[in-house]
Structure formats: C-alpha cells, structure tokens
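Trainee: I'm new to this one and would like a close look at a single part of it. Could you take me through the second helix and what surrounds it?

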Amino acid sequence: MSEKKIFNTDAAPKAIGPYNQAVQAGDTLYVSGQIAFLPETMQLVATGIADETHQVLKNVSAILEHASYSFNDVVKTSIFISNMDDFATINDVYAQYFVENQPARETVAVKTLPKNVNVEISVIAWKKGS
C-alpha cells in the first residue's frame, strides 16, 4: 500500500481538533466528520436542519473535490443526528447529493454532537488508481 496522503482545504472548515479533513490510504479517502461551519467565518449555520445539512454536505463536497474525488466515489457514509425527528429532512437533503449509485450508510442518533450541532456526516470514498 502507498503512503497515506493528508488533505486539508480552505474551501472547508478548519479542523477543530487534532485531525485532518481527509486522509487517503491507497485508493480510499476517509473524510472526517463535517458539521455546519461556514469555512470563511467558522460560524455555524443555525437556520434550520435543512440548511445545516446542506452546509455539512457542501463541506464534504469541498474536501472530496480537493482530493480529486466526488460524491459518485463515496462508498460509505455515517450520519450522526441529535434528534431522530430530523431524520426525514436530513434524508431529503442527502438525496439531493447522492442521486444515483447511493453508498452504504448508517444513521445514528446521539445525545450530543460537537458545538451542539444537529447533524454530522463523515464519508469514505474509493476510486481506482487514485
């Protein structure tokens, strides 16, 4: 296996802890959990669960693009939500980004998330010859 590559981009929020936005090992890219920070200001989007989910997925998209991957390369997502009542709205927004060949996924309700956000999403992407 080739060495791991680290990816960080200003087009996505800076890490708020000792981690990188993404790490590539071989053909697989592991994207750290993203929350609804605006990359330019590091302010949280707090205008509703749909807007929050859109921002999370925009952040994921920016990291994927920076590493030369796309949503079509995502093979697994993990969604953490603070309230299962938000599941349908999150799912509706998610479906706008994963239109075909959707990845495997789990959705887990948790007591709290960093910065008390409502949703966090991480992804694993794979692309032959990356």
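Mentor: Sure, we'll start with the whole chain, then go to helix α2, and then follow its surroundings outward.

Keep in mind that this is a predicted model. The protein has two helices and six strands, and along the sequence they come in the order β-β-β-α-β-α-β-β. Its radius of gyration is 14 Å, close to the 14 Å that the globule rule gives for 130 residues, so the protein is as compact as a globular protein of that length. The C-alpha trace spans about 40 × 30 × 25 Å along its principal axes. Of the 130 residues, 41% count as buried. If you take the contacts with a separation of 6 or more, 69% of them are between residues 24 or more positions apart.

Now to your helix. Helix α2 covers residues 87–97, and I90, V93 and Y94 are buried in it. Those residues cover an arc of only 105° around the axis, which puts them on the same side of α2. Look at the face turned away from that buried side and you'll find the exposed residues D92 and Q96. So what does the buried side pack against? The buried residues of α2 pack against helix α1 (49–66) and against the strands β4 (74–81), β5 (104–109) and β6 (119–126).

Let's pick one of those strands, β4, and stop at I81, which is found there. With a relative accessibility of 0%, I81 counts as buried, because the cut-off for buried is under 20%. Leaving aside neighbours within four places in sequence, I81 is in contact with F87, I90, T107, V108, A109, V110, L113, N118 and V119. You've met I90 already as one of the buried residues of α2. V110 is worth a look too: I81 and V110 are 29 residues apart along the chain, yet their C-alpha atoms are separated by 6.0 Å.

Next, the rings. There are three aromatic pairs in the model. One of them joins F71 and F98 edge-to-face, at 4.9 Å centre to centre with 80° between the planes. That pair links distant parts of the chain: F71 is in the loop between α1 and β4, while F98 is in the loop between α2 and β5, 27 residues apart. Are these two rings buried or exposed? F71 is buried, with a relative accessible area of 14%, and F98 counts as buried at 3% relative accessibility. Ring pairs also bring in Y94 and Y97, so that F71, Y94, Y97 and F98 are linked into a cluster.

F71 also leads us to another residue, L64. Not counting neighbours within four places in sequence, L64 is in contact with L29, V31, Y69, S70, F71, V74, V123 and A125. That list fits a wider picture: the largest nonpolar core has 28 residues, and L29, L64 and V119 are the ones that touch the most other members. The elements giving two or more residues to this core are β3 (28–34), α1, β4, α2 and β6. Helix α1 supplies the largest share, seven residues. As general background, nonpolar side chains in soluble globular proteins tend to be buried together.

For a contrast, go to E65, which is found in helix α1. At 60% relative accessibility, E65 counts as exposed. E65 and V123 are 58 residues apart in sequence and 13 Å apart in space, C-alpha to C-alpha.

Over in strand β3 you'll find T28. T28 is buried, with a relative accessible area of 17%. Beyond residues up to four places away in sequence, T28 touches V23, Y69, I124, A125 and W126.

Finally, a look at two loop residues. Most residues other than glycine have a negative phi. S68, in the loop between α1 and β4, has a positive phi near 65°. N116 has a positive phi near 60°, and N116 lies in the loop between β5 and β6. N116 is exposed, with a relative accessible area of 63%.

Back to your helix, then: α2 has I90, V93 and Y94 buried, and the face turned away from them carries the exposed D92 and Q96.

Terms used: Residues are numbered from 1 along each chain as its sequence is written. This is a predicted model: local features need pLDDT of at least 70, side-chain atom pairs count only at pLDDT 80 or more; totals for chains, interfaces and linings use all residues. Side-chain values use heavy atoms; hydrogens and water are left out. Buried means under 20% relative accessible area, exposed over 50%, partly exposed in between (1.4 Å probe, protein chains only). Helices (H or I, at least four residues) and strands (E, at least two) are DSSP runs, numbered from the N terminus. The arc is that of the directions from the helix axis to the C-beta atoms. Contact means heavy atoms within 4.5 Å. A nonpolar core is a set of buried Ala, Val, Leu, Ile, Met, Phe, Trp, Tyr and Cys residues joined through side-chain atoms within 4.5 Å. The radius of gyration is taken over C-alpha atoms; the globule rule is 2.2 Å times the number of residues to the power 0.38. Rings of Phe, Tyr and Trp (its six-membered ring) pair if their centres lie within 6.5 Å; planes under 30 degrees apart count as stacked, over 60 as edge-to-face and the rest as tilted.
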